[in-house]
Amino acid sequence: MQKNYNATVAKIMAIYGKRLKPQDYTEMMNRQSVSEVADYLKKNTYYSKLLASIDTNTIHRGLLENLLRRSVFETYMRITGFEHISKQKFYNYKIIQTEIDEILRCIRCINAGSDKLIQDVPVYINHLTSFDLLELAKINDFKGLLDFLKRTRYYSVLKEISTDENGKVDVTKCETLLRTYFINMLRSSADFRSSDSKQFISFLETEIDFINIINSYRLTAYFGESEDEIEKDMLTIYGRLTAERHREIYSAPNAEEFIRRFSKTYYGKQIIKNGYDITDLEQSARRLRYKHARSILRRSGSAPLSVYAFIFLLETEVQNIISIIEGIRYGVESNKIASLVIT
């Protein structure tokens, strides 16, 4: 019989109760600088402990963003270590997700011919990853990357990828393969009670479908790719929308027809019903998943479901703060910044 880990769920709910409220976002949007936002977080929110030793008068955007992202991972580690649930395969998903993100960052830098910024490497996770993130950051060609990954789970995923005459890699293809691997890993390790597993798979399927929808929309709207070319960059797993339904959508001749066809799907109808902007698929996808995650957290007593939903909500909160910081830094109007905040 599977243990309930009720204490973990209770801890999650206690932390969630301290989350930022809409009025906190409004207060931050009324600030004039990154320092003022940091000062508000330090004096008025549960981020006070994170920023206790930081001089908010001199803090710069990059440091604040890195601190916020690190706080998500530290919360994740604290939660999964509370009843030692990190020993179970599923609860390592955040580490694998970070490894994939860093591999993709390396590939993008290789393509751009730019150096990886060592200060951007999440070194706080380095003792937990299956490879050295700092060594990864030193790699400057794809062959070197494959050699580096030979003893990891990711080599078999990427080994068939080849470079073009300029040494560049199809990063979209790499991302598709790595995300497919990650999602399959999550699905196979989701050994929950049947009702919990069904909720988790439903949440995951929304993510799967929107990855495919957003990628195919970009290829249609910005690159004018044919449906055969688009199909090559699709995840090979599907959620509520079947492969045939996806193809029906991305075979559209232009962006306007793509959106019209998408609007007839379950997700399109949900976006319209909730009053979201259907032409902004990425933001609408996050809003739908945010609403779903919040519902899961309120209704489920399952530890794996609660962990996954809570971390998504926490990442969304951090992204909200980052959107406000960047908006203020670049002088974006407050109403535009507000449109990027998900609550």
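Is Met13 buried or partly exposed? At 32% relative accessibility, Met13 counts as partly exposed, where buried means under 20% relative accessible area, exposed over 50%, and partly exposed in between (1.4 Å probe, protein chains only). The model is predicted, so local features need pLDDT of at least 70 and side-chain atom pairs count only at pLDDT 80 or more, while totals for chains, interfaces and linings use all residues. Residues are numbered from 1 along each chain as its sequence is written, and side-chain values use heavy atoms, with hydrogens and water left out.

**Whole chain**

Start with the protein chain in cartoon view. It has 17 helices and zero strands; these are DSSP runs numbered from the N terminus, with helices being H or I of at least four residues and strands E of at least two. Along the principal axes, the C-alpha atoms fill a box of roughly 55 × 55 × 50 Å. The radius of gyration is 21 Å, which agrees with the value near 20 Å for a compact globule of 343 residues; the radius is taken over C-alpha atoms, and the globule rule is 2.2 Å times the number of residues to the power 0.38.

Switch to a surface. The chain exposes about 17,300 Å², and carbon and sulfur atoms supply 47% of that; accessible areas come from the Shrake-Rupley method with a 1.4 Å probe, and for residues only the protein chains shown count as cover. Of the 343 residues, 49% count as buried. Among contacts (heavy atoms within 4.5 Å) with a separation of 6 or more, residues 24 or more positions apart account for 62%.

Next, colour by charge. There are 50 positive and 44 negative side chains, and the centres of the two sets lie 7 Å apart. Lys and Arg count as positive and Asp and Glu as negative, while His and the chain ends are not counted. Each charge is placed at NZ of Lys, CZ of Arg, CG of Asp or CD of Glu.

**Nonpolar cores**

Select Met28, Tyr93, Ile103, Leu145, Leu158, Leu186 and Phe310: these have the most contacts inside the largest nonpolar core, a set of 89 residues. Helix H16 (residues 303-329) gives the largest share of this core, 16 residues. A nonpolar core here is a set of buried Ala, Val, Leu, Ile, Met, Phe, Trp, Tyr and Cys residues joined through side-chain atoms within 4.5 Å. In soluble globular proteins, nonpolar side chains tend to be buried together.

Zoom in on Met28. Leaving aside neighbours within four places in sequence, Met28 is in contact with Leu20, Val37, Tyr40, Leu41, Ile321, Ile324 and Ile328. A second, separate core has 21 residues, including Ile213, Ile214, Leu281 and Ala285.

Now select helix H3 (residues 34-44). Its buried residues are Val34, Ser35, Val37, Ala38, Tyr40 and Leu41. Their cover includes helix H2 (22-29), helix H4 (61-82) and H16.

**Single residues**

Return to Met13, in helix H1 (residues 6-16). Draw a distance to Ser306: the two are 293 residues apart along the chain, and their C-alpha atoms are separated by 8.7 Å.

Move to Asn212, in helix H10 (residues 194-221). Asn212 counts as buried because its relative accessibility is 0%. Beyond four places in sequence, Asn212 is in contact with Met234, Leu235, Ile237, Tyr238 and His246.

Asp141 sits in the loop between helix H6 (133-136) and helix H7 (142-149). It is partly exposed, with a relative accessible area of 34%. From Asp141 to Ile107, 34 residues away along the chain, the C-alpha separation is 8.2 Å.

Continue to Arg153, in the loop between H7 and helix H8 (155-158). Arg153 counts as partly exposed at 37% relative accessibility. Leaving aside neighbours within four places in sequence, its contacts are Ile96, Glu99 and Tyr181. Ala137 is 16 residues from Arg153 in sequence and 18 Å away in space, C-alpha to C-alpha.

The last stop is Val341, in the segment after helix H17 (334-340). At 8% relative accessibility, Val341 counts as buried. Not counting residues up to four places away in sequence, Val341 touches Tyr25, Gln283, Arg287, Asn320 and Ile324. For a long distance, pair Val341 with Asp115: they are 226 residues apart in sequence and 32 Å apart in space, C-alpha to C-alpha.
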